[in-house]
Amino acid sequence: MSKGSKIFLILVIIIVIVGAGFFIWKNEENKTEGNNITNTTTNSNTTQNTSTDTKQLLLNVMNNKQKFIDEDNNEVYFKDFKIVENQTAKVDKYAFVDMDKDGTEELVIYTTSDYGAYVILHYENNKVYGYMIGVRSLENLKTDGSFMGSGGANSNEYSRMTFNKNSYSIKTEAVYDGTDKIYKINNEKVSEKEIKEYVENWNKKENVSWSK
């Protein structure tokens, strides 16, 4: 075999080897991509299942199948949770709403009692916490978690709620006090026209749908 033929044969062998290696590499890459797609789908389903499980857990607490942690850090059943003095919470209606915009919905329960109050059940780190808030402090609850607190016939605050284990805080986003002429949005003074526009737009937000 001539020298030129040997060189040609070597080149052919190299091309075959490189081609085979490229084919094997692409095959493994496709498998990896397929696995990534499968994992993404699995993770998506897991998130959905977790949300469903969380809702069921909150309903179980409301239905006295499991205890929750109250604001005094005590574990109690819903039926034993005191609204005020000797009045316990009884469910009238309820709704799932993401009050603190963390991606997990709270269970907001309107209770029947002489005092009038809501109980909010919040899931955090595999535990359920419960809070009581008076009806005048949480009116016209919207699907985005915002609500109105009434301080009188012509005085309202528009707020949101955040949670930290067995405590909560209310952040006021706007104030409309027609009596004392106090008009604020995000803690900044605004004109009466501006606050009326804010209130008008807020009233257009969708109200929550209550279940019984």
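## A buried threonine

Let us start with threonine 111, which is buried, with a relative accessible area of 1%. This residue has its place in strand β6. The model you are looking at is a predicted one.

What does threonine 111 touch, once its neighbours within four places in sequence are left aside? Its contacts are Phe78, Ile83, Ala89, Lys90, Asp92, Ala117 and Val119. Ala117 deserves a second look: a polar atom of the threonine 111 side chain lies 2.7 Å from the backbone oxygen of alanine 117.

## Helix α2 and its buried face

Now move along to helix α2, which has twelve residues, 192-203. At 1.5 Å a residue the helix should span 16 Å, and its end C-alpha atoms are indeed 16 Å apart, so expectation and model agree.

Which residues of α2 are buried? They are Ile195, Val199 and Trp202. Looking down the axis of α2, you will find its buried residues within an arc of 65 degrees, so they line one face of the helix. A general point helps here: an α-helix has 3.6 residues a turn, so residues three or four places apart point the same way.

What do the buried residues of α2 pack against? Their partners are the strands β9 (147-152), β10 (155-164), β11 (167-177) and β12 (182-185).

## Tyrosine 158, beside the helix

One residue to visit on strand β10 is tyrosine 158. Tyrosine 158 is buried, with a relative accessible area of 3%. Although 41 residues separate tyrosine 158 from valine 199 in sequence, their C-alpha atoms are 8.5 Å apart in space.

Leaving out residues up to four places away in sequence, tyrosine 158 touches Tyr198, Val199 and Trp202, among others. Its further contacts include Phe147, Met148, Lys171, Thr172, Glu173, Ala174 and Tyr176.

## Salt bridges across the chain

How many salt bridges does the structure hold? There are six. One of them joins lysine 55 to glutamate 105, with the closest N and O atoms 3.1 Å apart. This pair links distant parts of the chain: lysine 55 belongs to helix α1 (residues 3-62), while glutamate 105 sits in the loop between β5 (91-97) and β6 (106-111), 50 residues apart. Both partners are partly exposed, lysine 55 with a relative accessible area of 32% and glutamate 105 with 30%.

## A network around aspartate 144

Another salt bridge brings together the side chains of arginine 160 and aspartate 144, at 3.1 Å from N to O. Arginine 160 lies in strand β10 and aspartate 144 in the loop between β8 (127-134) and β9, so the pair ties together parts that are 16 residues apart in sequence. Are these two residues buried or exposed? Arginine 160 is buried, with a relative accessible area of 18%, and aspartate 144 is buried too, also with 18%.

Aspartate 144 forms a salt bridge with lysine 205 as well, the closest N and O atoms being 2.8 Å apart. Here the link runs from the loop between β8 and β9, which holds aspartate 144, to the segment after α2, which holds lysine 205, 61 residues apart. Lysine 205 is partly exposed, with a relative accessible area of 31%. Through salt bridges that share partners, Asp144, Arg160, Glu173 and Lys205 are joined into one network. Glu173 may look familiar: this residue is also one of the contacts of tyrosine 158.

Definitions and conventions
Residues numbered from 1 in each chain as written. Predicted model: local features only at pLDDT ≥ 70, side-chain atom pairs only at ≥ 80, totals over all residues. Heavy atoms only, no water. Helix = DSSP H or I, 4+ residues; strand = E, 2+ residues; numbered from the N terminus. Expected span 1.5 Å × (residues − 1). Buried < 20%, exposed > 50% of the residue type's maximum accessible area, 1.4 Å probe, protein only. Arc of directions from axis to C-beta. Contact = heavy atoms within 4.5 Å. Salt bridge = Lys/Arg side-chain N within 4 Å of Asp/Glu carboxyl O. Polar contact = N/O pair within 3.5 Å; in protein donor to acceptor, adjacent residues only side chain to side chain.
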